Amino acid sequence: MAFTLIYNLQAIVHRGRRLLTTLSSRRGSSGRRSFLISGFMLPFMPLRKRTALLIAPLLVSFGLIGVALTAPALAADKLELSVDVSKAGAKIDRNIFGQFAEHLGHGIYDGIWVGPDSSIPNTRGIRNDVVAALKALKVPNVRWPGGCFADEYHWRNGIGPKRVITLNPNWGGVIEPNTFGTHEFMDFLDQIGADAYVSINVGSGTPREAAEWLEYMTTAQPTTLAKERAANGHPPPYEVGYLGIGNESWDCGGNMTPDYYLSQLKIYSHFVRNFNPAQQANQQMLKIAVGPGGGEARWTEWTEAIMEAYQHHTWSWNITGLSMHSYTVVRWPPSFESVGFGESEYAQILKSTLDMEDLIAKHSAIMDKYDPQKKVALVVDEWGAWYAPLRGSDPGFLVQQNSLRDAILAAINLNIFARHAERVRMANIAQMINVLQAMIMTDKEKMVLTPTYHVFKMYVPFQDATFVPITLNAGTYRHDKIGLPRVDAIAAKDTTGKLWLEITNLDPNQSVEIEANLAGISAKSAAGETLTAHSVDSINTFEAPNRVVPKPISAKVSGGKLALKLEPKSVTVVSIEQ
Ligand code: AHR
């Protein structure tokens, strides 16, 4: 059975949702089964016969998983794809490439902040290597300080010369030194060139506390709070582009009913104002309400309740975004390994991540009922893979590895967001550094870029580009009882008019030959990059940082057609020159 591009897979596995209050006690430990075999032994398989004979018993007894993952590619299938540039659609908002950085594990401390006295090269306490890497991603916005942490964060603890030392009860109960606070966050954003997405504390704070935080950050008037900001080193007002009003208020943010949350939302939306003069006209701060956390009935009701209220909102409150959280987790507590897994786990995870399509379609349809003009953006401000904690790590720190599978997972999700560009205008992968599906991993002075990082870098040309619909007979990749589209793709025209194509080959065993018909442009040549690796669980490590890195790909254009061969398990981006 062939899948068309806008496939509509039925959600057969519904993920149990997590109760974060009992998170650490319910989280299982991880094992790194067969990591050495699939990641290390297999490259040696083609050694001379004598060597092969010597290691044969080892390979037979340990190598089966690896063989399955790295079997030589079968003959390439040929798939046709058509792009018509004259049918360009919505803008792919650059904000869908947003990031999320929570006070959790080593996400902030060590990952971003090392302090000005550290021997690790830094600028005002912020790591130079991390900043340089993130600049290359053109990160549009960063959501901070949480997550569940946001609903316990008291901003005054994180300003001024004397920081209040508190705890982080959500994430391991560790010490929160508050050395990374408002000014450090804004400095970090300034250094990487991103906008601020600040989540205010609705769960355990007050409207007054949140209102004062915004006044402290944004007013240009000589108020006491503005003077305090100046005394703390920043006389001009900060810009806050996006305001999150609570986080998962149906769960770790206070376990509220839709009605209770709505009453809070109206209060916070009214009183928490942005005073920055530069943000009063066109650059107004978006106010993002807590939205659904899945497809089940309780979240359908939640979206209905918020959007129905929005439809009747008065002058005194408003929202411009509704958040949605959806992790690829398959079962709770997260038990899939992030390394050393087989093709079965690869296929299951990708099947699960494709549920994002249905979820967005479902909640968009509800939003369309109450907001047909699509004034309220659907903001997928927590998404990504959530696996079992890495062996030896603190389970409260949500440390996991990041493999080629995650790169493919990221591309699939970014493509889904792009196809829903009219409604999905912002998204934040969880999380930026050292936590869950991270861009970057650090260990003291060492830093490594993950496969997911490389996908985000390859997608930079899609930021604010115009979506161009494509038709594609995607074919089918099968494993056990799972059938997935073999290929996924999007196209877009950038601001200079150049056409960009992204094509993901999900099939880990078979390459695919693509013949793309290009209408609406006179294509002359094409160039691009592809990201693949030895096996689906290949990772970059501090010792071997270049196992999964993009490589140039050759693409031929003739007679208005583009010919391209996609490696198995690969993410490819090409640009077409006219
Ligand atoms: O990203 C980790 C946690 O997942 C966040 O703190 C919370 O919002 C979500 O449940």
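When we sort residues by type here, Ala, Val, Leu, Ile, Met, Phe, Trp, Tyr, Cys and Pro count as nonpolar, Asp, Glu, Lys and Arg count as charged, and the others, Gly among them, count as polar. Keep that in mind as we look around this predicted model.

Let's start at the ligand. It is surrounded by 15 residues, and the closest are E102, C148, E248, Y327 and E382. Sort that shell by type and you get eight nonpolar, three polar and four charged residues.

Now zoom in on the ligand's oxygen atoms. Y327 has an N or O atom in its side chain that sits 2.7 Å from an oxygen atom of the ligand. The side chain of N247 also has an N or O atom lying 3.0 Å from a ligand oxygen. With C148 we look at the backbone instead: one of its backbone N or O atoms is 2.9 Å from an oxygen atom of the ligand. How much of the ligand's accessible area does the protein cover? On its own the ligand has 280 Å² of accessible area, and the protein covers 100% of it.

Next, follow the strands. Strand β9 (residues 242-245) pairs with strand β10 (residues 286-289) in the parallel sense, over four bridges. One place to see this is L243, whose bridge partner in β10 is K287. To get a feel for the path, trace β9, then helix α9 (residues 258-271), then β10: together they make a right-handed β-α-β unit.

From β10 we can step across to strand β11 (residues 321-328), which runs parallel to β10 and is joined to it by two bridges. Here A289 stands opposite L322 of β11. Y327, which we met among the closest residues to the ligand, falls within the stretch of β11.

Another step takes us to β12, which runs parallel to β11 and is joined to it by seven bridges. Look for G321, which stands opposite A377 in β12. Is β12 enclosed or open? Nine of the nine residues of β12 (residues 377-385) are buried, so this strand is largely enclosed by the rest of the structure.

Keep going and β12 is joined by four bridges to strand β13 (residues 424-430), again running parallel. V380 and A427 of β13 stand opposite each other. Between these two strands the chain passes through helix α13 (residues 404-419), and this β-α-β crossover is right-handed.

Finally, find helix α14 (residues 451-458). It is mostly covered, with seven of its eight residues buried. Those buried residues are P451, T452, Y453, H454, V455, F456 and M458.

Methods: Residues are numbered from 1 along each chain as its sequence is written. This is a predicted model: local features need pLDDT of at least 70, side-chain atom pairs count only at pLDDT 80 or more; totals for chains, interfaces and linings use all residues. Side-chain values use heavy atoms; hydrogens and water are left out. A residue is near a molecule or strand if one of its heavy atoms lies within 4 Å of it. A polar contact is a pair of N or O atoms within 3.5 Å; within protein, one must be able to donate a hydrogen and the other to accept it, and residues adjacent in sequence count only if both atoms are side-chain atoms. Accessible areas come from the Shrake-Rupley method with a 1.4 Å probe; for residues, only the protein chains shown count as cover. Two strands pair if DSSP finds at least two bridges between them. A crossover is right-handed if, with the strands pointing away from the viewer, the path from the first strand over the helix to the second runs clockwise. Buried means under 20% relative accessible area, exposed over 50%, partly exposed in between (1.4 Å probe, protein chains only).
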